[in-house]
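Got your viewer open? Load the model below and follow along, one selection at a time.

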Amino acid sequence: AVNDLLDRGVRVICVCLVYSYLNDNHEQKIKEIAEEVMEERGEEVPVWLSSEQKPIRGELPRLNTLVAEAYAAEPSREQLYQVQDGFSEMGADAPVRVLTSSGGTVAPEHDWLVDTMLSGPIGGVFGGEFLADELGIDNLVCSDVGGTSFDVGLITEGHYPTRWDQSLAQLMVNIPMTAMDTIGSGTGSYVRVDRTSERLEVGPDSAGYKVGASNLDSDVETVTVTDCTLALGYLNEDEFLGGDIPMDREVALEEIESQIAEPLGEDVYETARGVLDVVERDMSNELRGLILGLGYSPENYTLISYGGGGPLHTAGYSRGLDFQDVLIPQWAAAFSAFGCACADSAYRYDQSVDEILQPDFSNASTVAYSINETLDDLRERALDAFERDGVDSDDVRFDPSLRIQYLGMLDDLEVSISSVWDDEDGLSDGDVERVIEMYEKKFDQVFQRAAKSPENGYQITMAIGVGVGPSAKPTIPDEEPGDETPEEAAHKGERSIYWDDGWHDADLWEMRELNPGNVVEGPSVVEAPATTILVPPGYEAPLDRNRIYHLQEQK
């Protein structure tokens, strides 16, 4: 088999055997054979083992993850080195770090870069967690509107779940990812009329960075959501992305008229507003379903909206959900990048364990012994990673976790055991009982109305070891609030906007000129180079001391 692969000119040999997550002897033997064959042939290619990358139960996602590393992640390493070299040439002393999909940042030299895939949108959840801690918010809905999608994550009582059932390019993988739900509704989503049903269709395909038909520098012919927002007066055609992208409102109107309004026999402005109603209703339904699915209601949560398109659609997709508060940070367009800066410098290692704990804890000592051995090994791997980065082990904090479920259940939950773990002695028998108490408390948080079954016993499915190193954290603005009335310098004039079923004269505001304490009353449009906040009629948006807008209906 090795000779055959070498004859085919493979770049990497990936090895995955069914039970290697429990015992890696056979994978190691295959690697030994492969190296002997290559020595005989005078050739050399890397041999990667699934038991070294992700020793997790499930051979298909384990194999897919290893192949994704070879095919997509590893080739990106050279680009990261180029970024690192570029910063060094500019005189930057700070090391380059890359966000992982489970939280934490790693160096470009990290053994496995596949953990960084799909981490971009997830950065917003980490930014939301940081903001929630700073502002004392227990339950937060993170919502991100970009050019291609609407991404939603929940932080419930300070907890956001980590999933293992994710897919990458429709391939099952075993990459731990912060839980986010995504639908194909973004500002660049294409809008069409289904000729059979004569109904609007939005997405899931998108113009992406090309924006829409109104972008004079693009070759886009199909109407997009952005074309509709431009037609309704929400966007400034002369200042889209600071004026770098030339937009033409007349082109948007002409294309909406010919492609959508005429086939439906509707007014062009009502049609454009109808498109946004469809998009924002889909977003609203996604939020409602996600929250209700956990046994909570929107009234238990604060919503934060970000991304380049989030502030433009916040009023539409939050209508009728009765959130405790609706927040729009002034840095909404870069909020996911802000979240990257909030993440710890961390290396995470996972290992399936499959330990059964009896309901009466009669085998707690056996379980504790096995867990301690596994976590000690994971701790050493984390310390080795930081040693490679030049970080002293004394400066590294070890945060162990276990994934636990009631025996027979499908879903397990990740429970931090840092409060009971001892780096020298590990877990004691009594600590195991305390860990189960923490699991049951988290179960109540995540599945508020679900039935427990402690009489069946417990299954510890996975051990997780995270080494956390020193890292600088950003700070949020904190400025003394001033007058409610914005200064005249912030006012840019007026523009007519179409909201619901009529036109309204909206005040235009320059975001950078508004100060904490100012109250923006609707109808208004707050403009910045990278985002636009729509404050519809009947709404207002006070700007607080942290430079966060609170979008709310006027009383």
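Start with V18, which is partly exposed, at a relative accessible area of 41%. Bear in mind as you click that this is a predicted model. V18 sits in the loop that runs between β1 (13-15) and α2 (25-41). Now add Y19 and L22 to the selection and switch on the surface: with V18 they make up a nonpolar surface patch, and together the three have about 330 Å² of accessible area.

**Next stop: the cysteines**

Select C16 and C14 and show their sulfurs. Why is there no bond from C16? The closest cysteine sulfur, in C14, is 9.4 Å from that of C16, which is too far. Then jump to C342. Its nearest cysteine sulfur belongs to C340 and is 8.9 Å away, so with a cut-off of 2.5 Å C342 is in no disulfide either. C342 is also buried, with a relative accessibility of 7%. How many disulfides does the count come to? Zero.

**On to a sheet**

Switch to cartoon and pick out β20, β21, β23 and β24. What order do these four strands take? They run β20-β21-β23-β24 in an open sheet with mixed pairing. Look at the edges, where you'll find β20 (491-499) and β24 (532-535): each has a single partner strand, so one side of each has no neighbour in the sheet. If you look at how the strands are turned, neighbours in this sheet make an angle of 25° with each other on average, ignoring direction.

Now zoom in on β21 (residues 502-510) and β23 (residues 524-527). These two pair in the parallel sense, over four bridges. To see one spot along that pairing, select D507 and find S524 of β23 opposite.

**Staying here for the charges**

Keep the sheet on screen and show the side chains of R495 and E527. They form a salt bridge, with the closest N and O atoms 3.0 Å apart. R495 is in strand β20 and E527 in strand β23, so this pair links distant parts of the chain, 32 residues apart. Buried or exposed, these two? R495 counts as buried at 18% relative accessibility, and E527 is buried too, at 4%. Next, widen the selection to E239, K492, R495, E510, R512 and E527: salt bridges with shared partners join these residues into one network.

**Two more pairs**

Select R545 and D478. Their side chains meet in a salt bridge, at 2.5 Å from N to O. This is another link between distant parts of the chain, 67 residues apart: R545 lies in the loop between β25 (539-542) and β26 (548-550), while D478 lies in the loop between β19 (458-469) and β20. Turn the surface on again and check the cover: R545 is partly exposed at 32% relative accessibility, whereas D478 counts as exposed at 55%.

For the last selection, take E280 and R273. Here the side chains also meet in a salt bridge, at 2.8 Å from N to O. Both E280 and R273 are buried, so hide the surface to see them. How many salt bridges does a search of the whole structure find? It finds 33, and E280 with R273, R545 with D478 and R495 with E527 are among the pairs you can now bring back on screen.

Terms used:
Residues numbered from 1 in each chain as written. Predicted model: local features only at pLDDT ≥ 70, side-chain atom pairs only at ≥ 80, totals over all residues. Heavy atoms only, no water. Patch = residues over 30% accessible without salt bridge, like charges linked within 9 Å, V, L, I, M, F, W, Y side chains within 5 Å. Areas by Shrake-Rupley, 256 points an atom, 1.4 Å probe, with all protein chains shown as cover. Salt bridge = Lys/Arg side-chain N within 4 Å of Asp/Glu carboxyl O. Buried < 20%, exposed > 50% of the residue type's maximum accessible area, 1.4 Å probe, protein only. Pairing = 2+ DSSP bridges. Axes fitted to C-alpha atoms, helices over the stretch in contact; angles between N-to-C directions.
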